[in-house]
Amino acid sequence: MSVDPVDGPAASVPDHAAGSRGSGAHPGKHPGKHPGKHRVVVVGSGFGGLFGTKALRRSDVEVTMVAKTTHHLFQPLLYQVATGILSEGEIAPPTREILAKQRNARVILGEVTDIDLASRTVTSQVLGRHTVTPYDTLLVAAGAGQSYFGNDHFSEFAPGMKSIDDALELRGRIFGAFELAEIAESDEEVERLLTFVVVGAGPTGVEMAGQIAELAHRTLRRDFRRINTRHARVILVDAAPQVLPPFGEKLGRKTKEDLEDLGVEVQLGAMVVEVDERGLEVQDKDGNRRRIEAVTKVWAAGVSASPLGRQLAEQTGAPLDRAGRIGVNPDLTLPGHPEVFVVGDMISLNNLPGVAQVAIQGAKYAAKEIDNRLKGKAPQAPFHYFDKGSMATISRFRAVALIGKVRLTGFIAWLMWLAVHLVYITGFKSRVTALLRWAVSFIGRGRSERTTTEQQIFARTALNRLEGGAAELVSSPGEWNEQRARAEAERRAALEAQASEEVRLTDTGVRGARMGD
């Protein structure tokens, strides 16, 4: 992936001391906090949300971060979780732990379902529990999700690469395919199981294809008895005419050559038109349609901004682009709403790329602007993005890097990738363990995280088939109290009936008597 990861998990939101429904908390006040302080609500715990919150640590504000997950995700390394190199904890430390020492920051769990600009409130929900949080200033950094270009049904058979759940599911699918191939009863079944298709030749797709090839050809080659893992096919498909278009023609050509050296089949100009359980159909540039039989498919082809962008656009009249990104002012605020900042993958401004550095720099800019306003200082100049470059790994010891006009490939680029990603991993402990695991995987051939379960593979699909998702499996506090009262009443009635029957048997003298006596 790019050096600059995408802005974390999508649409999440806060509950500034505003009480959860039925909680009795007073709206707008943090329990135990200072009433009257300027309230900043941050939506999302990705790079924009986290860096924006941390940048306000010395400001005279109360910050509430609301996020859909409990962790801060370092998305560029998700593919290493999916292929068994890193554990999920090493790239997704708890947000509460990161912000534990920041006394003016509060973290709550919830997915944003509504932002009301007129009343300045944010509504979030988790498992059917709703929270309304008021704000004085809002920083929206809800990121982006996977895009299937209008074919969302593809997702059941081709998971994306946007969350820890996605990575763990893909880990189960990838390693599980080798296990099933070992016990397959026909050559056709073995071939279908040992064919891996990655859709999308951007940084994520390139890195994923390279690591699956390394798994098959290097890591697992001695672990099975009936199958030869080196016969596995790894296919990278994309409708685009080259690999890594944002890196330019030269680096794209070099990346394609390196992938082919690894045994990856690169099929360009091939657009995916159908996906099912056992394979996919692609259409070549000449209009010819063909089928690829493959049980394991990985979708790394596109992104779409958080649906919160559409909500904000409807309330402000700001334009949306085709990817759902909202147009913002040069100072990253919404038209007519200087109290609302939007950063990261959600914004359409000056053709900025969807990378982490845009989110990080934008969030820091917004935080400084908030602080300046509170101190009565003049506003900053319009936001200017400083491009620190992009990198993508191909396999161990091979990478490409684009830094300004400098283009690097091979081992030097790989060392740069290693150093940069080590710096951006949050937490000293995670950096140390990641470095050790990289040594095991890249110098040796081991993968420490190969444990998989059926639940990893099928839980997402099972939850999606529930109309209300996971909330259907959990009762609300009111429902639970009613169910408990009903169960207790039924149990009491049963006990009383049993006691009455015991009394009757004793008083009538029929206990122990034979039938007919």
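Visitor: In this predicted model, over how many bridges do strand 4 and strand 5 pair?
Guide: Strand 5 covers residues 121-126, and its pairing with strand 4 is in the antiparallel sense. One position in this pairing is E111, whose bridge partner in strand 5 is Q125. Strand 4 and strand 5 pair over five bridges.

Visitor: Which strands stand at the edges of the open sheet that has the order 4-5-6?
Guide: Three strands form this open sheet, and the pairing is antiparallel. Two of them have a single partner strand each, so one side of each is left without a neighbour in the sheet. The strands at the edges are strand 4 (111-116) and strand 6 (129-134).

Visitor: By how many degrees are neighbouring strands of this sheet turned against each other on average?
Guide: The sheet in question is the open one with the order 4-5-6. With direction ignored, its neighbouring strands are turned against each other by an average of 20 degrees.

Visitor: Which residue is the bridge partner of L402 in strand 23?
Guide: L402 belongs to the pairing of strand 22 (residues 398-403) with strand 23, which run antiparallel and are joined by four bridges. Both strands lie in an open sheet with the order 21-22-23, where strand 21 (390-395) and strand 23 (406-409) are the edge strands, each pairing on one side only. The twist of this sheet averages 10 degrees from one strand to the next. In strand 23, the bridge partner of L402 is R407.

Visitor: At about what angle to strand 22 does helix 8 run?
Guide: Helix 8, made up of residues 248-261, lies across strand 21, strand 22 and strand 23. Its direction relative to strand 22 is given by an angle of about 170 degrees.

Visitor: Is F397 buried, partly exposed or exposed?
Guide: F397 is found in the loop between strand 21 and strand 22, and although it is not a glycine, it has a positive phi of about 70 degrees. Most residues other than glycine have a negative phi. Because the relative accessible area of F397 is 31%, and the class between 20% and 50% applies, F397 is partly exposed.

Visitor: What is the relative accessibility of L244, which has a positive phi?
Guide: L244 is found in the loop between strand 10 (233-238) and helix 8, with a phi of about 50 degrees although it is not a glycine. L244 counts as buried, and its relative accessibility is 0%.

Visitor: What separates the C-alpha atoms of A305 and Q146?
Guide: A305 has its place in strand 16 (residues 303-305) and is buried, with a relative accessible area of 10%. Leaving aside neighbours within four places in sequence, A305 is in contact with G143, A144, A323, G324, R325, D345 and M346. Q146 is 159 residues apart from A305 along the chain, and the separation of their C-alpha atoms is 8.6 Å.

Visitor: Are helix 11 and helix 12 roughly parallel or roughly antiparallel to each other?
Guide: Helix 11 (residues 410-424) and helix 12 (residues 428-443) pack with their axes 10 Å apart, at an angle of about 150 degrees. Because angles over 145 degrees count as roughly antiparallel, helix 11 and helix 12 are roughly antiparallel.

Visitor: How many nonpolar residues does the contact of helix 11 with helix 12 have?
Guide: Helix 11 passes helix 12 in a right-handed crossing. W414, W417, L418, H421, L422 and V423 in helix 11 meet R431, L435, W438 and F442 in helix 12. By class, one residue of this contact is polar, one is charged, and the number that are nonpolar is eight.

Key:
Residues are numbered from 1 along each chain as its sequence is written. This is a predicted model: local features need pLDDT of at least 70, side-chain atom pairs count only at pLDDT 80 or more; totals for chains, interfaces and linings use all residues. Side-chain values use heavy atoms; hydrogens and water are left out. Axes are lines fitted to C-alpha atoms, for helices over the stretch in contact, and angles run from 0 to 180 degrees between N-to-C directions. Helices (H or I, at least four residues) and strands (E, at least two) are DSSP runs, numbered from the N terminus. Angles under 35 degrees count as roughly parallel, over 145 as roughly antiparallel, 65 to 115 as roughly perpendicular and the rest as oblique. A crossing is left-handed if the near helix is turned anticlockwise from the far one by less than a right angle, and right-handed if clockwise. Contact means heavy atoms within 4.5 Å. Ala, Val, Leu, Ile, Met, Phe, Trp, Tyr, Cys and Pro count as nonpolar, Asp, Glu, Lys and Arg as charged, and the others, Gly among them, as polar. Two strands pair if DSSP finds at least two bridges between them. Buried means under 20% relative accessible area, exposed over 50%, partly exposed in between (1.4 Å probe, protein chains only).
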